[in-house]
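Here are my notes on the two-chain model you sent. Please read them with the structure open.

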Amino acid sequence: MSQSSLELTVKNIIIKNTLFIDPITSIQALGHIVIHNGRFERFIALDQTQPENLKDFEVLDAQGTITTPHFIDIGASLPEPGFTHKGTIASEGKAAFFGGYATLASLPNTSPVIDSPAVFAMVQEKAKLAGQVKVLPLAAMTVGLEGKQLSEIFSLKRAGCIGFTQGRHRIEDARMLMRCLDYIATADMPVFFYPEHSQLAAGGCAHEGWIADQLGLPPIPACAETVALGRDLLLVERAGVKAHFCQISSQYSIELIQNAQAKGLPITADASISHLSYNESAIDNFDSIYHLRPPLRSESDRQALLAGIQNNVLQSISTGHRPQDLASKSAPFPETEPGMANYDIHVSEALALIDSQQLSPLKWVQALTSGPAKILGCELSGFQPGEIAALNIISRDEWTVNEANCKSHGSNIPHFYENMRGKVKWRIRGCQESY
Amino acid sequence: MSIETQSISPQLTSDGQLQHFLTLEGLTQAQLTDILNLTDSFLNKSDRSIKKVPLLRGKTVATLFFENSTRTRSTFELAAKRLSADVLNININTSATAKGETLLDTLRNLEAMSVDMFIVRHSSSGAAHFIAQQVTPEVAIVNAGDGQHSHPTQAMLDMYTIRHFKCGVENGTMQNSGFENLSVAIVGDVLHSRVARSQIHALNTLGVKDIRLVGPRTLLPRDQHRWPASTHTQLETGIKDADVVILLRLQKERMTSGMLPNENEYFSSYGLTNQRLKLAKPDAIVMHPGPINRGIEIDSEVADGPQSVILDQVHFGIATRMAILSSVMNNHMQARRT
């Protein structure tokens, strides 16, 4: 076993006494994981016959931990190129790596915008050089995200692009969107939507409700999401395009998505860990860390999102990772930039939900692995017999959220200087060579 | 339950004293009453003059107005001067902020000039909270209006005005008794009004049980059932038998953003005329934070009539602000000493 601070490169090892969660077989049991010659060999539950003749194996005591496959994130904002004062592909990739991620699909709202094979290749190249996680850039549907001219969809597909999005730059011209979707359907590519109606959300910075009323903050009504979602769903149905809805925030949106899925439309959706963890009351006292887009909504919205994960209306939990520099968050609340840097803290947030029985551990792991893998059409391996091992071992130990323990360059990490419980302790990487 | 987030009001010291004056939310009835009583002590009853006292001698108070204002700024300046403070008026429109300096940098520069107190008005809700969280502990912040959030000194002078005209006097001093039996109607653009928000907090804390918010649905909060107030879309039912009718200023931009058709229609439905005022109690008082729009919120006959106390509000504003500035500075200095 060779060890960097996080990654353990292993050949023959038994990981003992861990809670193993397999998102494919839905195994969720305490036991031992046997890795032989760098490959995941088997999982032996505590109540099964215990292994013999494993003398040459190293033993890793993983008492109290949870073992999962590596995670996949949809919709991260990587600030490079263009906004490197907020973070770089290397810094945020490292934060994702330490947060247990292997793959992330990033947004095209960089400068220049990812709307051509050249910029697409540049971002992939930078991610490869950084060498931490695999970055799958989603490309802009329209040139410069301006909603006026289609990007070169087929060229981008040939360059390896796996999907298209306007990010938060909505196309409000319905005819333009209709044509874009028809064209992207021709290329048989999925579209990723951030449903928020520009005019209904204009000038707003907080969920329309009791807290925004009290604080006098310009509101973003829930209908800014549902009106946009309703239109998008109708046009998606017409085009027959595969669609994923990112960072859903409101109760009624869940109903709309559920109805569309019930009709058999190829629709998936996710909620961010922030929207599952917090509600509108987090912005009391104008705490700009919790200034998010879409805004944190009511407690009943949050409950509906958790139920959406539980009953498979939402197939993925994203981080919504969006690093900001100090100046972007240091202003009166409505003037601050939205977003939260979540990679360093998402496991702690999820464990808090799991420990309070709001989220099932299996659903959580599925929403970070098999769910997004299916949406992105990407590989998920490392945890089934015969595969080169690739695992996260998550400790429940308390840790302090501070500069030393966080990797993101963003200054918008929640709970800074507080103690949280739960972090990826080791990443297991199977290796067949001797070292 | 959502994950707990740390939420600490920056305006109170660890023992609950006001070190800044940002909002009336969360203040106790005793704290509000202390301010009203102190206001009383600054007013000479006989000649309606205001005493000059040395409570802020040697202190520098800066008014930092990022939004235009005539009366609020003037009354703050007068209040600080009557407390013997040195007053610095910073004109933001021609200052470095207009040249692109961030709010934070402007603050740092002013701190370096050893200003003891900032009186801040800003168009963004939460600006005073933000500034209070950013300044060094030596500086006290008084909110002179932030966005649509809060205008606590205006609400306090309104409470003083209500107490002056509507509450009892015992043993020569004003009492709060009587607040609980009052019916107070707040009419107009409640949704976008920082004055209304602060008034509702103050009235509720002082024990007023019948607070009514009156206006069309486009100008009332949506989550109405959670406010400690009833809502009325008809002026006639809203002011019926009220003791106090508070009118709010209507911003012209409401007409261009689809919230109202035009000024005439607003006046015909919600403008306070002598005829409509008859629905309130015969001795009801009419208040307005100013500046008034004659013929839009209020008919001139009412504005200049015997039930209007609009100019009294302005007069009491100076003493109220003296009370607030001196208590905050006093608490602030005590907190720094311990």
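Which residue in β11(B) is the bridge partner of Val244(B)? Ile285(B) is that partner. Keep in mind throughout that this is a predicted model.

1. **Strand β10 of chain B.** Start with the strand that holds Val244(B). Strand β10(B) covers residues 244-247. Val244(B) and Ile246(B) point one way from the strand. Val245(B) and Leu247(B) point the other way. All four of these residues are buried.

2. **Neighbours of β10(B).** Two pairings involve this strand. Strand β7(B), residues 183-187, is joined to β10(B) by four bridges, and the two run parallel. Within chain B, Val187(B) stands opposite Leu247(B) of β10(B). Strand β11(B), residues 285-287, is joined to β10(B) by three bridges, and this pair also runs parallel. The Val244(B) to Ile285(B) partnership belongs to the β10(B) and β11(B) pairing.

3. **Chain B as a whole.** The secondary structure comes to twelve helices and eleven strands. The radius of gyration is 20 Å, close to the 20 Å of the globule rule for 338 residues, so chain B is as compact as a globular protein of that length. Its C-alpha trace spans about 55 × 50 × 45 Å along the principal axes. Buried residues account for 57% of the 338. Take the contacts in chain B between residues at least 6 apart in sequence: 72% of them join residues at least 24 apart.

4. **Surface and charge of chain B.** The accessible surface comes to about 14,100 Å². Carbon and sulfur atoms hold 48% of that surface. Chain B carries 33 positive and 33 negative charges, and their mean positions are 3 Å apart.

5. **Met329(B).** This residue is found in helix α12(B), which covers residues 310-337. Is Met329(B) buried or exposed? Its relative accessibility is 3%, so Met329(B) counts as buried. Leaving aside residues up to four places away in sequence, Met329(B) touches Leu56(B), Lys59(B), Asp116(B) and Met117(B). Ser124(B) is another matter: 205 residues separate it from Met329(B) along the chain, and their C-alpha atoms are 25 Å apart.

6. **Chain A as a whole.** Chain A has 14 helices and 20 strands. Its radius of gyration is 21 Å, which agrees with the value near 22 Å for a compact globule of 435 residues. The C-alpha trace of chain A spans about 65 × 50 × 45 Å along its principal axes. Of the 435 residues, 62% count as buried. Among contacts in chain A between residues at least 6 apart in sequence, 74% join residues at least 24 apart.

7. **Surface and charge of chain A.** Chain A exposes about 16,000 Å². Carbon and sulfur atoms supply 49% of that area. The chain has 35 positive and 45 negative charges, with mean positions 6 Å apart.

8. **Helix α12 of chain A.** How many of the ten residues of α12(A) are buried? Eight are, and the helix, residues 346-355, is mostly covered. Among the buried residues are His346(A), Glu349(A), Leu351(A) and Ile354(A). Gln357(A) comes just after α12(A). Gln357(A) lies in the loop between α12 and α13 (361-368) of chain A. At 74% relative accessibility, Gln357(A) counts as exposed.

9. **Backbone points to check.** Most residues other than glycine have a negative phi, and most peptide bonds are trans. Gln357(A) has a positive phi, near 55 degrees, and is not a glycine. Asn17(A) is not a glycine either, and its phi is positive at about 60 degrees. Asn17(A) is found in strand β3(A), residues 13-21. With a relative accessible area of 22%, Asn17(A) is partly exposed.

10. **Cis peptide bonds in chain A.** Ser111(A) and Pro112(A) are joined by a cis peptide bond, with omega about 5 degrees. Pro112(A) has its place in the loop between β9 (101-106) and α2 (117-130) of chain A. The bond from Arg293(A) to Pro294(A) is cis as well, with omega near -5 degrees. Pro294(A) is found in the loop between α9 (273-277) and α10 (299-310) of chain A.

Terms used
Residues numbered from 1 in each chain as written. Chains lettered and ligands numbered in written order. Predicted model: local features only at pLDDT ≥ 70, side-chain atom pairs only at ≥ 80, totals over all residues. Heavy atoms only, no water. Rg over C-alpha atoms; globule rule 2.2 N^0.38 Å. Buried < 20%, exposed > 50% of the residue type's maximum accessible area, 1.4 Å probe, protein only. Contact = heavy atoms within 4.5 Å. Areas by Shrake-Rupley, 256 points an atom, 1.4 Å probe, with all protein chains shown as cover. Lys, Arg positive; Asp, Glu negative; His and termini not counted. Charge placed at Lys NZ, Arg CZ, Asp CG, Glu CD. Pairing = 2+ DSSP bridges.
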